[in-house]
Each structure stands twice: as C-alpha cells, then as structure tokens.
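Please open the structure in your viewer and keep the selection panel at hand. The tour below moves from one selection to the next and says what is to be found at each stop.

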Amino acid sequence: MTPLLRFLGGISIFAGVFFSFAAVVAILRFPDVYTRLHGGTKALSGGAILILLGAMPYAGGIAGALKLFLIAVFFLVSNPMASHAIARACHRRALANRPIDEKRRGDV
Amino acid sequence: MSEPLLAFLYFFILLTAVVAVLLDDLLSSFISLSVTGVLMATVFALFRAPDVALTQAIINSGLVTSLFLVAYSQTQRTPSPAGECRECPFWLRWPGAALVSSLFAAVLFRGLYVLSGDRIPGSTSAHYLSQTLEETGALNVVAAILLDYRAFDTLGETTVIFTAVFGISLLLSGGKYVHSGHGLSFIVKRGMALLTPFILLYAASILFLGHLTPGGGFQGGSVFATVAILICVVYGTNFEAARISPKSKETFEAGGAMLFVFIGLLGIAWGGGFLANLSGPFPAGTPGSLFSGGNMLLLNLAVGMKVGAGLSSIFYTMIKILELEDDSWPS
C-alpha cells in the first residue's frame, strides 16, 4: 500500500512542480494584470495543493499527513481571496486593462 | 543537513538582498526583502532553530513588511528621481550590497560547521542543554534561557517595544481621524471571518505552549497583532477600533508589563531574587504538561500581552494617519 501511495505522491509532486512553473511563466509573460492574476492564482493554487497532497505519504504518519492536508485547505481558502482583493483594487484604480510593459516604459 | 539545499538558499538570500538594495522602486524592494526573510526563516529551521525561524517568519515577512507598506503609502514612491541620487551612485550600491550580503552568508556558513562540532564540556551551552529540564522544568531550552536564565534581559527587550509604542503614539497622535476605509469586499470580509478563529487558535497555542514547543510570548503576541492588523485592513480602522478599542490595547500592554514585574517581585518576596523561578514560589510541575516550568507560562502570557497590544497599536496609529489623508476612496 505504502509504495503505491508514495508513487502516486511522486506523480502528484511532479504535476505540482509543472503547474508552479506554468504559473511563473504566466506571471512573467502575460500582458496585463487580469491575465497575470488568472495564471498566478489558478496554476499556483493547483501547483501548491498538488505538491502538498503529494507530500502527504512522505510525512510519516497520520498526524503529519493531516497537517499537510490542513495547509492545503487553508491555501485553498486564502489564495483566491487574496487574488480577488488584488483584482478588485486594480479594477477600482483602473489599472487593469493597461498592458504592464507599456506602463513601465511610461514610468521611465 | 543537506548542503546543496543550503547553498541554494544562501544564493537566493544573497540575490534578493542585492536586488532589494538595487531596485529604485521601494515597493519592489519591500517584496524582495520579505522574500529574503522567508528564505532566512527556512535556513534557521534547517539549522534546527525553530524558535528563531518562527520569529523571523512572523516579524520580518509579516509585520515589518506591513509596517513598511504603511510608511511607503505616506511617502513618495522612489527615493529620488532617477539619476539624481548623487551621494550613492548605482555602481557604489552594488558592491556595498554584495559585500554585506556575502559577509552575512559567510557567517551563516560558519554556523553550519560550528553547529555540527562537538560541544565543549563545562561551557554554558553544554550546561543549558543538560541541566535545563532539571533546573527549570521546561522542555523548550530556548524558552528556558529567555524566561528563566536571562529573564531580566527579556524584561529589557519588551521595554524597548513599550518605548517604541509610546514614541510612535506621541509622534503620530496629532489629528483625530474622521474617515475610515470601508474595508475590502464582502468576499474578503467573509473569508477573513472564516479564518480568524483558526489564526487566534494558532496564536494561543504558540503563546501558551511556549515552554514546551517552539514559540513563546513574543511570537504568539505577534500573531495576535497580525489578527488586529488584518482586521484593520479588511474591515477598516473604525470597525477595528469599535471591536478592540485603543484604550483596551493600552490596558493590555501596561497590564503585561505590570504582570511581568509583579512575577519578578514575587520571587524577591519569596527570598529567591528578582524573577526567581523554581527557587521562588513556583512549582516545577510535571515536565511536558501545560503547567510546568514554574513561572514561564505566566511570563509568556505577560510578554504576549505586551507585544501583541504594542505592535497592533503601532500599526493602528500609523494607518490612522494614512486614512486621514486618503479619504477619497469610493465605497
């Protein structure tokens, strides 16, 4: 049972690393605030939760696995909330649809 | 101890520290600095210093960044327009930052070898590690050193925070605020309400189990202050002031200080000296249970009250001024 769980955990960690990498690429390459937030929130929540779930078989015992699961749940609650707050603030300040690179060029 | 991982972490500490100095935009510098803080907390945790790691993560990455952000909102964005920074040109900042960061990294690398070496018999650290449980009844050696062997120093440290709160309140208490932010959206408010009990439970566990597990009054009080700060940001300062009044924060802070000194005086009254623990009136208890370690539980509570109330009232005072000026925020 345990080797199978560890194998599945390894697959899950690899998938999580892939999604986190996708999130980094999205934050760097997408054109404006909304698309960047989209990439960052979705891919990073998925990536972090997959990594945490994948680490559960390696945690050594039920207590450690339960801790990791709770961390995943809190991540699921807090990360979308934070991105929602950022998106709303950008919407209010009318920053959202301005391409970021153009803005940066305008500053310098 | 995995040295490739440590080398990786040191490299990124160096990188983020240098980036924080070199960036012209203060906001980006703060974010870079808080990344440095998280990485250093990881390094401390790898060195098996969870107390320091906890303090580092809470203070540097949470509280200091939020205080920086408040200060940043009241000042101009860049230190000076680009190209006008005469006293410290770009090429001078770069080697300076690299020098300081690499010195620090060298100290950290040195710590790796000092920690793995043998302990000299008869030295202070060997004494602490072998005798702590017997002499103080606490499982957490760091808490025993902070609250028993060196409790007088802890009193001094908490007095520093007390003084800082007084200073900031005196400096910034000029205007009475009229407007308060309306807070963030409904979703964030509900989510915050969902998370608050868990954060409070976490803070209480850090505070009250400080003599058994990593943590203690300072860290637990900081997490309590974080709750107050989050309420300030999410619900607006008026709501926060209505729920936890500034007066009661002052009472808590002064009460913490008085509790600490009172416990110390109890030791004198018993004939054991100021802040005497087991030689004073306090029982050792069963090691590992909540009521063990003599006065450490009470001292943790006192430090937590002082630090939590102090840090949250510092933030409240600073953000109050901010909202006085920025009252054009649409609801």
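Is B:Leu275 buried or exposed? Select B:Leu275 to begin: the residue counts as buried because its relative accessibility is 6%, where buried means under 20% relative accessible area, exposed over 50% and partly exposed in between, computed with a 1.4 Å probe on protein chains only.

Before going further, note that this is a predicted model, in which local features need pLDDT of at least 70 and side-chain atom pairs count only at pLDDT 80 or more, while totals for chains, interfaces and linings use all residues. Residues are numbered from 1 along each chain as its sequence is written, chains are lettered from A and ligands numbered from 1 in the order in which they are written, and side-chain values use heavy atoms, with hydrogens and water left out.

**Two loops of chain B**

Stay with B:Leu275, which lies in the loop between helix H11 (246-270) and helix H12 (296-325) of chain B; helices here are DSSP runs of H or I with at least four residues, strands are runs of E with at least two, and both are numbered from the N terminus. If you display backbone torsions, phi of B:Leu275 is near 60°, a positive value in a residue other than glycine. Most residues other than glycine have a negative phi.

Next, select B:Arg48, in the loop between helix H2 (26-46) and helix H3 (50-74) of chain B. B:Arg48 also has a positive phi, of about 60°, although it is not a glycine, but this residue counts as exposed because its relative accessibility is 72%.

**The two domains of chain B**

Now colour chain B by domain, taking residues 1-72 as domain 1 and residues 136-331 as domain 2; these bounds come from an automatic or database domain assignment. The centres of domain 1 and domain 2 of chain B, taken over C-alpha atoms, are separated by 23 Å. Where the domains meet, eleven residues of domain 1 of chain B are in contact with 17 residues of domain 2 of chain B, contact meaning heavy atoms within 4.5 Å.

Together, domain 1 and domain 2 of chain B bury about 1,200 Å² between them, with 80% of it on carbon and sulfur atoms; buried area is the accessible area (1.4 Å probe) that two parts lose on being put together, summed over both. To see where domain 1 of chain B loses the most area to domain 2 of chain B, select B:Asp51, B:Leu63 and B:Val70, which together give 44% of what that side buries. By class, the side of domain 1 of chain B that touches domain 2 of chain B has eight nonpolar, two polar and one charged residues.

Across this domain interface of chain B there are four residue pairs in polar contact, both residues at pLDDT 80 or more. A polar contact is a pair of N or O atoms within 3.5 Å; within protein, one must be able to donate a hydrogen and the other to accept it, and residues adjacent in sequence count only if both atoms are side-chain atoms. The interface of domain 1 and domain 2 of chain B has zero salt bridges, a salt bridge being a side-chain nitrogen of Lys or Arg within 4 Å of a carboxyl oxygen of Asp or Glu.

**Where the chains meet**

Show both chains and select the contact between them, which takes nine residues from chain A and 13 residues from chain B. The area buried between chain A and chain B is about 950 Å², of which carbon and sulfur atoms give 75%. Zero salt bridges are found across the interface of chain A and chain B, and one residue pair is in polar contact there, with both residues at pLDDT 80 or more.

**Inside chain A**

Finally, isolate chain A, which has four helices and zero strands. Of its 108 residues, buried residues make up 30%.

In helix H2 (residues 33-55) of chain A, select A:Ser45, which is buried because its relative accessible area is 9%. A polar atom of the A:Ser45 side chain lies 2.6 Å from the backbone oxygen of A:Thr41. Not counting residues up to four places away in sequence, A:Ser45 touches A:Gly40, A:Phe75 and A:Asn79.

Then move to helix H1 (residues 2-29) of chain A and select A:Arg29, which counts as exposed because its relative accessibility is 67%. A last distance to draw runs C-alpha to C-alpha from A:Arg29 to A:Ala65, which are 36 residues apart in sequence and 35 Å apart in space.

Key. Ala, Val, Leu, Ile, Met, Phe, Trp, Tyr, Cys and Pro count as nonpolar, Asp, Glu, Lys and Arg as charged, and the others, Gly among them, as polar.
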